[in-house]
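Reader: I have not met this structure before. Could the author please take me through it by question and answer?

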Amino acid sequence: MSEPSYTRLRITGPISVQPVERVESPETTFMIILMGPTGSGKSSFIERLGNMNLGISKDQLEGYTDAVRAYRLVNVVYGHGSSPIVLIDTPGFLDRRLPETKTLKMVRQWIKQNNVDAIHRVIYFHRITDIRMAGTAGRVLKLFRALMGDFTGPNITMVTTMWDTLWNQDQMIRAESRSEELRDLHWKWKWQSFVDEGAVITKYENKHDSAMKTLNDALGAGTRQCFGFDEYLVGELPMNRTTFGHLLYDNLMERKSSITQRLQVICDDLGIEDIDTNSALKAILLREQAEALLDLQVVDRELEHFGPLANSYNRLSITGPISVEPVPTVENVDVTFIILLVGPTGSGKSSFIEHLGDKHEMHITDDTLDGGTREVQAYRLVNLVYGHGSSPIIVIDTPGLLGCNIAETKVLQGIQDWMRKSGVEGIHRIIYFHRITDNRGSRDNLNVIKVFEEMTGSSTGENVTIATTMWNCLLSITQKRLAEERLEQMRKNGFQALIQGGAQILKYENSQDSALSVLNEALRPGTSIPFRMEEAFQRNVPITMASSRMRQLLYPGLVARVFSLEQRMYLRRLQGHSASSYSDSRISDDWSMKAETDIFALKKEIQDLQIDVDYGSFPGTAVASSELVARSTALSFVASTSEQDRRLVSGSTWRPSSDEKPLPPLPVAESRPESTVKTFPDTQRLIKNLDISARRLKELLHRKR
């Protein structure tokens with residue numbers, strides 16, 4: 001049977017593959033480097049090209065490519081000339097034993113030893129059986145993108161492998177669907193320029209014909225543009241000074257963190273009391289501990305020799321290992337660059353601060369179950385300054401908006417109080433954090449965005465950066481596609497006013513590189529126009545009182561908090577009224593006392609907004625008489641339930657006795673003539689929800705009877 005025709009290859013005899021210790025005539029040899037994760041099929045590809053077993057892909061449970069090896073194709077040359085083809089097999093990415101830095105060092109050493117002055121093509125292998133590209137795999141793809149550089153798409157071939165391991169039709173259908181998603185969605189997001197510039201995407205089915213076709217496709221018309229890794233592999237630039245050095249450093253830090261966690265788990269297992277009784281298990285754990293310690297030594301050695309990072313962020317100067325330290329006050333205010341972080345609770349502000357440093361050991365995001373950041377806190381970036389001067393950078397972490405414990409008015413007042421205490425008269429930049437996983441149509445989210453716009457002013461958009469977060473939580477292609485669509489909607493609708501004023505929307509992907517990139521972009525040239533909150537501060541006016549619109553935006557959130565607390569407080573009091581034990585009653589009473597204090601403080605906040613709730617002297621913000629009556633009716637129903645009903649609600653044993661506590665008194669909503677007030681839609685909605693809750697409670701009682 002004759003050999004199939006390959007348009008870019010000339011076959012002069014039986015094809016085979018021959019290992020080469022040294023490349024002869026490297027200036028006339030066509031060099032192709034094979035890259036990809038461990039076990040993705042690079043060595044298998046080489047064997048199938050030669051239709052022979054070289055023993056380089058066997059025993060995958062233990063063996064792996066641990067060194068750079070070159071293979072020459074025998075009786076196959078490039079094009080119609082006589083250029084031999086050499087394939088460079090490299091250790092895989094994501095290998096537990098070999099960091100990516102060590103792999104690149106080995107490739108560089110091989111290139112120098114063989115006097116190779118150029119790499120002509122790159123073939124990247126990816127297993128079609130890999131379901132997701134999240135976490136570490138996603139970071140490796142980002143590293144590969146940086147290694148390739150810009151405008152090199154025609155020189156790159158992306159190969160999907162493991163098609164021969166699919167045994168039934170359902171698996172094949174899912175794999176085909178996965179291949180389309182990779183081509184049309186994931187690889188377009190990760191490698192937009194590759195696909196657009198003509199990068200080849202093909203299948204490798206672990207056969208000789210398929211391998212030859214893949215090689216033929218990879219030899220298409222390329223470009224003379226150099227790869228990004230040429231500055232290190234072929235050139236003389238140190239790894240830490242390259243454009244991709246910070247990504248390699250991030251990967252090393254990630255490896256170190258993972259190994260440290262693994263060692264901690266092993267130590268915990270070895271500390272079990274009866275571990276000595278199971279000698280086999282103990283031996284396994286000790287062996288794993290020794291291996292982990294060796295892996296840690298390798299990573300520590302790589303970090304030690306890595307050197308200081310290059311300034312890959314054009315608006316930042318890195319003078320050493322980056323760290324973050326809390327500061328009680330700001331020194332040298334006149335020369336310090338102040339950046340304020342704002343956003344809803346849990347949107348990633350504190351995580352962003354932690355990831356700015358080389359070691360994520362601040363632990364300011366550990367207490368997320370207890371409400372997150374509770375007060376304004378300043379952090380200084382160590383060994384990281386603005387521009388080429390010596391201006392230190394201070395980032396200000398703030399309590400989250402829409403938080404359970406702190407009202408938006410308190411957050412804004414807290415920012416101004418911190419400015420006054422620290423002697424800071426101006427904020428240079430503001431970064432607003434927004435979860436991409438949040439429903440863009442949420443009334444609360446839209447209201448908070450409006451509060452933020454009122455706080456900054458649309459004319460100051462050049463000094464505002466919007467960081468979308470939670471991208472690392474998206475696991476499926478569908479989730480990522482929906483997130484991208486949501487991002488487009490945010491540009492057109494949610495933040496349209498700020499974007500028209502010059503604001504930019506970026507992605508924060510929960511890594512140091514991403515955090516520094518967001519910070520670098522936030523430091524772009526801005527405008528001298530002050531934020532509205534700065535103007536209010538300079539006029540000694542609370543930001544909450546700076547404009548009538550700000551008060552209108554803050555009011556519904558305060559009312560919602562009051563209504564919610566009152567509803568919960570009366571339910572808690574009923575539980576305390578029928579509590580089966582003294583401790584249960586005491587817990588309920590303590591919570592109610594705290595709720596009363598919070599309600600009093602919130603009502604004081606409403607009063608400070610100078611809004612007459614009853615008479616509606618502030619246009620569009622008064623509560624109509626009918627709404628007050630509806631609220632009282634709902635609360636009255638909760639308080640008027642029979643003793644048996646209260647027993648059913650509380651779930652505890654009811655004890656009829658003379659010791660029974662009297663029901664708490666209900667507040668009487670003072671009714672005003674409805675003609676003197678204007679209805680506020682948000683308040684109507686809150687009252688309606690309260691009334692619905694009362695009806696649901698009544699239905700629950702009816703069913704339990």
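The exchange below concerns a predicted model and goes from the whole chain to its helices, its sheet and a single residue.

Reader: How many helices and strands does the chain have?

Author: The model is predicted rather than determined by experiment. Of the 705 residues in the chain, 48% are buried. Among contacts between residues at least 6 apart in sequence, 80% join residues at least 24 apart. The chain has 21 helices and 14 strands.

Reader: What distance separates the end C-alpha atoms of helix α2?

Author: Helix α2 covers residues 100-113, which makes 14 residues. At 1.5 Å a residue these should span 20 Å, and the model agrees, because the end C-alpha atoms of α2 are 20 Å apart.

Reader: Which residues of α2 are buried, and which residue just after α2 takes a positive phi?

Author: The buried residues of α2 include the charged E100 and R108. The full set is E100, T101, T103, L104, M106, V107, R108, W110 and I111. Just after α2, a positive phi of about 55° is taken by N115.

Reader: Is α2 roughly parallel or roughly perpendicular to helix α9?

Author: Helix α9 spans residues 279-306, and its axis lies 10 Å from that of α2. The two helices pack at an angle of about 65°. Angles of 65 to 115 degrees count as roughly perpendicular, and therefore α2 is described, relative to α9, as roughly perpendicular.

Reader: Which residues of α9 does α2 meet?

Author: From α2, the residues taking part are T101, K102 and K105. By class, this contact has 2 nonpolar, 1 polar and 3 charged residues. On the α9 side, the residues met are V298, E302 and F306.

Reader: How is α2 placed against helix α8?

Author: Helix α8 (residues 245-270) and α2 have axes 9 Å apart and pack at an angle of about 130°. This angle lies outside the ranges for roughly parallel, roughly antiparallel and roughly perpendicular, so the placement of α2 against α8 is oblique.

Reader: Which residues of α8 meet α2?

Author: In α2 the contact involves E100, T101 and L104. By class, the contact with α8 has 3 nonpolar, 2 polar and 2 charged residues. The residues of α8 that meet α2 are L248, N251, L252 and R255.

Reader: Which strands stand at the edges of the open sheet?

Author: The sheet has 7 strands with mixed pairing, in the order β8-β10-β11-β9-β12-β13-β14. Neighbouring strands in this sheet are turned by 25° against each other on average, direction ignored. A strand with a single partner has one side left without a neighbour in the sheet, and so the edges are β8 (316-327) and β14 (504-507).

Reader: In which sense do β8 and β10 pair, and what is the bridge partner of S317?

Author: Strand β10 covers residues 377-386 and is joined to β8 over 8 bridges. Their pairing is in the antiparallel sense. Within β10, the bridge partner of S317 is V385.

Reader: Why is strand β9 described as largely enclosed?

Author: Three residues of β9, F337, I339 and L341, point one way, while I338, L340 and V342 point the other way, and all are buried. Strand β9 (residues 337-342) is largely enclosed by the rest of the structure because the buried residues number 6 of the 6.

Reader: Which strands run parallel to β9?

Author: Strand β11 (residues 391-397) is joined to β9 by 4 bridges, and F337 has I393 as its bridge partner there. Strand β12 (residues 429-435) is also joined to β9 by 4 bridges, with R429 as the bridge partner of I339. The strands that run parallel to β9 are thus β11 and β12.

Reader: Which residues of helix α11 are buried?

Author: Helix α11 (residues 408-422) has 15 residues and reaches 21 Å from its first C-alpha to its last, close to the 21 Å expected. Just after α11, G423 takes a positive phi of about 75°. The buried residues are E408, T409, V411, L412, I415, Q416, W418, M419 and S422.

Reader: Is A536 buried or exposed, and which residues does A536 contact?

Author: A536 lies in helix α16 (residues 532-538) and, because its relative accessibility is 0%, counts as buried. A536 and A546 are 10 residues apart in sequence and 6.0 Å apart in space, C-alpha to C-alpha. Leaving aside neighbours within four places in sequence, A536 is in contact with Q416, V541, I543 and A546.

Definitions and conventions: Residues numbered from 1 in each chain as written. Predicted model: local features only at pLDDT ≥ 70, side-chain atom pairs only at ≥ 80, totals over all residues. Heavy atoms only, no water. Expected span 1.5 Å × (residues − 1). Buried < 20%, exposed > 50% of the residue type's maximum accessible area, 1.4 Å probe, protein only. Axes fitted to C-alpha atoms, helices over the stretch in contact; angles between N-to-C directions. Parallel < 35°, antiparallel > 145°, perpendicular 65-115°, else oblique. Contact = heavy atoms within 4.5 Å. Pairing = 2+ DSSP bridges.
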